[in-house]
Amino acid sequence: MRVALDVPLPGLFDYRCEHSVAVGTRVIVPFGRRHMIGVVVETPAEPALDQASIKAVEQVLDDLPPLPADWLALAGFAAQYYQRPLGEVMLPALPASLRKVSAYQGPRSAGGPVRRSDKRRAAAPATVASEPAPNLNPQQAEAVRAIAAIQGHRTVLLHGVTGSGKTEVYLHAAQSVLERGGQVLFLVPEINLTPQLEQSLRSRLGGPEGPAALAVLHSGLAEGERLRAWLHAQRGQAQVLLGTRLSIFTPLPRLGLIIVDEEHDASYKQQDGLRYSARDLAVWLGRDRGIPVVLGSATPSLESWYHAERGHYLKLSLAQRAREVELPKIRLVDTRRLALQQGFSPQLLDALGARLEHGEQSLIFINRRGYAPVLSCSSCGWISQCPRCSAYTVLHRASGRMAGHRQRLHCHHCGYQAPPPAACPDCGDQDLRPMGRGTQRVEEHLAEFFPQARIARIDADSTRRKGSAAELFAQVHAGQIDILVGTQMVAKGHDFTNLGLVGVLNADAMLFAHDFRAPERLFAQLMQVAGRAGRHVRGGEVIVQTDYPEQPVYQALLRHNYAGFAQYSLAERESIGLPPYAYQALLTAEARELAVALEFLGRARKVLQDLAADCGASLALYDPIPLRVVRVANIERAQLLVESRHRPSLQACLALWMPRLPEAAEGMRVRYQLEVDPLEI
DNA sequence: AGCACGCCGACT
DNA sequence: GTCGGCGTGCTC
């Protein structure tokens, strides 16, 4: 039999076994000096290897029924598409206790916890108050009808502005699948940000026999909880599986609908190991299972918008806000000729003052944590730098009650920390100054401008302690905070009922990121953060400070015009041949010295060039280039971008290329990884 | 990736 | 004398 194992080696491994074993069965096999759990994926009559080097299976695991064929097909597709060994897809997709020999405790272990949890779960629904379903507006009703009318597979792009009631459409679509006995897979970017959604699913879905059984799956769960949810779903007991990207790999025997909320969100892309996009796999899975897939967003990815415009996806729009509150008014403040006070325009300060007077809350959004992005010498221009990375260190004010105003330099790339020097290491001058502003410094300035205001800061630093994010958000919701300062953490999900004003500082920094998706991400992020304003308060307002108000992204934002922005951006992408008009793959190399990484990529490029010529595929191969932050923790990195207008050609070439990379790395101390459909280049 | 083997420096 | 540094080689 041929077994998939979680090792970074291409291909499968042959083993002997006395009795016949079904494909999809887990087995314990000897591998080198180790014992590993693998998945049987083929049972060919003849092994591909000579008999002598084949070992026997040690144990056939029968604690679970074999993994189903459709699950194996999804894993197989992902392995092929993302160019990784099958075992590296299949095994990490299973809960640890199902893939680790050390955790395996015999056939009863997997059965026990679920029965216990069923008892607990059976009692839970009584405590959940049933919410009445609000009436659908005509657009919502039309969307629900259109989704219900789908026979077999169709991907739907549900484009709905913030507050237009996409969730209501999801709930109706899910309910009708549940009534036919199907299961629903509901993907969200981050589970912690959607307690309200979980609450709605629990209280609203179900029938006369009671609420629908809901399983929740995300990486923050303890192993036992994760196993329980996975088994619940795999046995068909859970009717709804709500989870983050990893949930896409859960077997769901009666899957009838997949919903991907906030489909544009980068969290759907795994950034290490198997670099899959759960959204893209959801579309593939929907097609494979012959069921509808609903992608929802206020700011769809340009890829999804493109497919919808071309008619590949069914486009459904929710243009009006469900509740009778108008969209927030967006103002661009041109900061080029303004005298700013500590980075604040007079317009923003006035607006903050006015909201304070009215007892309304405000949010200052700045996507930069810490006190100041750099510490600099005022006489010679020295700038604080990480000794291990090609990056500046960020000045932080130490946290904790006893820390006072002590400051430290932090590297955001490698975690290096050091106290700031007393004098400039280059010229000895003692006048070292923080340059620029991060959330901590903004918080400090706001306290000076508005001494009477209650100010809170929410960023990765202030929420490091487990549960502190929830605490801070609870204070905001309880009205104990007047001004909230935060990074993108505050942009997602939260429905602030008394928030009237959003101020955006330093938005331009996101435009300068020289990634071609920067404007798209900026637009999505600003729309999202703008959506926090005036959800319940009348006269909601957003003030964006910028040096480039004429930029198309800001002009589109001003008019809440996603469609216009998408049309403009797609035309631009088409004219220069970027995704979605081209398909990309990125080979990244790491070595002690940049020259080694570049040399490897140069050789790899040559190999690919020859391969493409041989099979007549037209690929665009760029020159290997150092990453923008070339050195991180003393490792230097470079990348090679490969592009094609024709996805199958790219796929075919990558499959031929991968096995030839070891020869390109011959004699070099270099590590490399390939990313298909990279989000950042 | 693990986990071996293997061949050179500083310790009881 | 050996404890241990990490180079390199293999795993059905």
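**What part of the atoms of DNA strand B within 4 Å of the protein belongs to sugar or phosphate, and what part to bases?** In this predicted model, sugar or phosphate makes up 59% of those atoms, and bases make up the rest.

**View 1. The protein surface near DNA strand B.** The residues around this strand are Pro8, Arg33, Arg34 and Arg671. By class, one is nonpolar, none is polar and three are charged. Arginine 671 reaches the backbone of the DNA: one of its polar side-chain atoms lies 3.2 Å from a phosphate oxygen of DNA strand B.

**View 2. The protein surface near DNA strand C.** The residues that surround this strand are Leu9, Leu12, Phe13, Asp14, Tyr15, Pro30, Phe31, Gly32, Leu49, Ser53, Ile54 and Lys55. Of the atoms of DNA strand C that come within 4 Å of the protein, 52% are sugar and phosphate. The surface has eight nonpolar, two polar and two charged residues. Strand E2 (13-16) and strand E3 (26-31) each contribute at least two residues. E2 gives the largest share, with three residues.

**View 3. Backbone contacts to DNA strand C.** Aspartate 14 places a backbone N or O atom 2.4 Å from a sugar or linking oxygen of DNA strand C. Proline 30 has a backbone N or O atom 3.1 Å from a phosphate oxygen of DNA strand C. At glycine 32, a polar backbone atom is 2.9 Å from a sugar or linking oxygen of DNA strand C.

**View 4. Strand E13 and its two parallel partners.** Strand E13 covers residues 255-261, and seven of its seven residues are buried. On strand E8 (residues 183-187), E13 has a parallel partner, joined over five bridges. Within that pairing, glutamine 183 has leucine 255 of E13 as its bridge partner. Strand E14 (residues 292-297) also runs parallel to E13, and four bridges join the two. Here isoleucine 259 stands opposite valine 294 of E14. Helix H9 (residues 278-289) joins the picture too: E13, H9 and E14 make a right-handed β-α-β unit.

**View 5. Strand E23 and the crossover to strand E24.** Strand E23 spans residues 455-458. Its side chains split two ways: Ile455 and Arg457 point one way, Ala456 and Ile458 the other. All of these residues are buried. Strand E24 (residues 483-486) pairs with E23 in the parallel sense, over four bridges. Arginine 457 stands opposite valine 485 in E24. From E23 the chain passes through helix H13 (residues 468-477) to reach E24, and this β-α-β crossover is right-handed.

**View 6. An open antiparallel sheet of three strands.** The strand order is E19-E20-E21, and the pairing is antiparallel. Strand E19 (394-397) and strand E21 (417-418) are the edge strands, each pairing on one side only. Four bridges link E19 to strand E20 (residues 407-410) in the antiparallel sense. Histidine 396 stands opposite arginine 408 of E20.

**View 7. Tyrosine 416, in a loop of the same region.** Tyrosine 416 sits in the loop between E20 and E21. Its relative accessibility is 26%, so tyrosine 416 counts as partly exposed. Glycine 577 is 161 residues from tyrosine 416 along the chain, and their C-alpha atoms are separated by 40 Å.

**View 8. Two cysteine pairs without a disulfide.** The model has zero disulfides by the sulfur-distance rule, which asks for cysteine sulfur atoms within 2.5 Å. Cysteine 427 is in no disulfide: the nearest cysteine sulfur belongs to cysteine 377 and is 3.6 Å away. Cysteine 653 is in no disulfide either, with the sulfur of cysteine 615 as the nearest, at 4.0 Å. Are these two cysteines buried or exposed? Cysteine 427 is partly exposed, with a relative accessible area of 41%. Cysteine 653 is buried, with a relative accessible area of 1%.

Technical notes:
Residues are numbered from 1 along each chain as its sequence is written. Chains are lettered from A and ligands numbered from 1 in the order in which they are written. This is a predicted model: local features need pLDDT of at least 70, side-chain atom pairs count only at pLDDT 80 or more; totals for chains, interfaces and linings use all residues. Side-chain values use heavy atoms; hydrogens and water are left out. A residue is near a molecule or strand if one of its heavy atoms lies within 4 Å of it. A polar contact is a pair of N or O atoms within 3.5 Å; within protein, one must be able to donate a hydrogen and the other to accept it, and residues adjacent in sequence count only if both atoms are side-chain atoms. Ala, Val, Leu, Ile, Met, Phe, Trp, Tyr, Cys and Pro count as nonpolar, Asp, Glu, Lys and Arg as charged, and the others, Gly among them, as polar. Two strands pair if DSSP finds at least two bridges between them. Buried means under 20% relative accessible area, exposed over 50%, partly exposed in between (1.4 Å probe, protein chains only). A crossover is right-handed if, with the strands pointing away from the viewer, the path from the first strand over the helix to the second runs clockwise.
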